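User: I'd like to learn how to read a protein model, one feature at a time. Can we walk through this one together?

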Amino acid sequence: MVKTNKGWNIAANIVMVLLSFLALAPFVLLIIASLTDESVAMTFGYSYFPQKWSISAYQYIASQAGRLGRAYMMTILVTAVGTGVGVMITALLGYMLSNPALPGRKWLNLYVVFTMLFNGGLVPTYIMYVKTFAIKNTIFGLIVPNLLCSAFLVMLVRNYFENSIPRDLYEAARIDGASEFQTFFRVALPLSTPILATIGLMMGLAYWNDWQNGLYYLSDQSANLKTIQNILNDINTNIAYLASNSTAGVSVTDLPTQTARMAIAVVGILPILVIYPFFQKYFAKGITMGAVKG
């Protein structure tokens with residue numbers, strides 16, 4: 001039996017090493033591609049062992065430091081504000097739905113779950129945000145659309161509050177004279193670090209990688225509000241236009257094309273790669289505990 005378990009452990013470790021390599025391989029290739037010479041990348045494509053190295057892509061980024069730096073700071077601001085407010089809204093709604101004494105609780109849960117299956121569609125949503133909320137060409141255009149929290153995350157939080165925190169703690173707080181807000185902030189929140197870190201990571205990734213809101217709700221007059229993802233999208237569009245309309249005196253290989261895109265992608269994902277390992281343990285624990293319904 002011991003030998004069998006040892007054999008399974010070795011096999012499992014080998015499989016996990018292979019899966020880890022497969023997960024890391026695209027990121028390694030991305031970094032190597034950003035350091036590949038442009039002409040080599042255009043001629044031979046991307047390789048883990050390029051024939052010629054170059055930092056020209058990062059020199060191009062340095063030449064755009066003002067524009068990219070502003071976009072980077074805007075991305076950090078939008079991600080921090082959107083994630084913080086979004087986590088609080090999700091936690092408040094999940095806490096409310098976890099209360100068995102809430103009047104109409106079943107209907108409210110049904111209302112939230114219904115949004116997982118159906119939505120108003122892009123055109124009505126756009127009209128509502130632009131005409132009713134007037135968020136076009138404002139920073140709220142980057143925050144508000146994603147702020148209306150995901151029903152999936154609400155259900156995770158609700159299940160966590162309902163099944164992972166004993167109801168006796170809530171009752172004890174109420175007996176001591178605590179209001180619902182005091183119970184939420186002094187009892188529920190301190191005990192919900194794993195699930196809050198989990199949904200915070202999900203929301204943070206969504207805000208950091210979002211480019212659609214900038215495309216929909218920001219025009220050229222609001223270029224100073226664009227995030228790093230929008231700038232990357234603009235550069236991709238401009239590069240494609242220049243490459244397709246290059247004159248005889250301009251070589252396509254002289255344009256900041258493939259390697260510049262890879263370099264900007266590296267700059268864009270670097271903070272996520274640095275932060276994620278610190279939240280990984282909370283992520284796994286929060287998903288497990290929040291998804292279980294007793």
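User: Let's start with one residue. In which helix is Val-266 found?

Analyst: Keep in mind that this is a predicted model. Val-266 is part of helix 14, which covers residues 258-291.

User: Why does Val-266 count as buried?

Analyst: Buried means under 20% relative accessible area. Val-266 has a relative accessibility of 12%, so it counts as buried.

User: And which residues does Val-266 contact, apart from its neighbours in sequence?

Analyst: Skip anything within four places in sequence, and you find Leu-30, Ile-31, Ser-34 and Tyr-58 in contact with Val-266. Look at Ala-33 as well: 233 residues separate it from Val-266 along the chain, while their C-alpha atoms are 9.9 Å apart.

User: Next, cores. Which residues have the most contacts inside the largest nonpolar core?

Analyst: The general idea is that nonpolar side chains tend to be buried together in soluble globular proteins. Here, the largest nonpolar core has 19 residues, and Phe-161, Tyr-170, Phe-184 and Leu-196 have the most contacts inside it. Two or more residues of this core come from each of helix 4 (65-97), helix 8 (151-163), helix 9 (167-175), helix 10 (180-188) and helix 11 (193-209). Helix 8 gives the most, five residues.

User: What does Phe-161 touch?

Analyst: Leaving out residues up to four places away in sequence, its partners include Ala-91, Tyr-95, Arg-167, Tyr-170 and Phe-184. There's also a second, separate core: it has twelve residues, among them Ala-57, Trp-208, Leu-232 and Ile-235.

User: Now the empty spaces. How many cavities of 30 Å³ or more does the structure hold?

Analyst: Rolling a probe the size of a water molecule over the atoms shows where empty space is left. This structure holds one cavity of 30 Å³ or more, and the largest cavity has a volume of about 30 Å³. Val-78, Leu-142, Tyr-207, Asp-210 and Thr-227 line the largest cavity. By class, that lining has three nonpolar residues, one polar and one charged.

User: What about the second largest pocket: which residues lie nearest its centre?

Analyst: Those are Thr-79, Thr-83, Gly-200, Gly-204 and Ile-275, out of 14 lining residues. The second largest pocket has a volume of about 280 Å³. Helix 4, helix 11 and helix 14 each give two or more residues to its lining, and helix 11 has the largest share, with seven. As for class, the lining has ten nonpolar residues, four polar and no charged ones.

Technical notes
Residues numbered from 1 in each chain as written. Predicted model: local features only at pLDDT ≥ 70, side-chain atom pairs only at ≥ 80, totals over all residues. Heavy atoms only, no water. 1 Å grid on protein atoms, 1.4 Å probe; cavity = no way out; pocket = protein on both sides within 12 Å on 5 of 7 lines; lining within 4 Å. Points joined across faces, edges and corners; volume = space filled by probe spheres on them. Nonpolar A, V, L, I, M, F, W, Y, C, P; charged D, E, K, R; others polar. Helix = DSSP H or I, 4+ residues; strand = E, 2+ residues; numbered from the N terminus. Buried < 20%, exposed > 50% of the residue type's maximum accessible area, 1.4 Å probe, protein only. Contact = heavy atoms within 4.5 Å. Core = buried A, V, L, I, M, F, W, Y, C linked by side-chain atoms within 4.5 Å.
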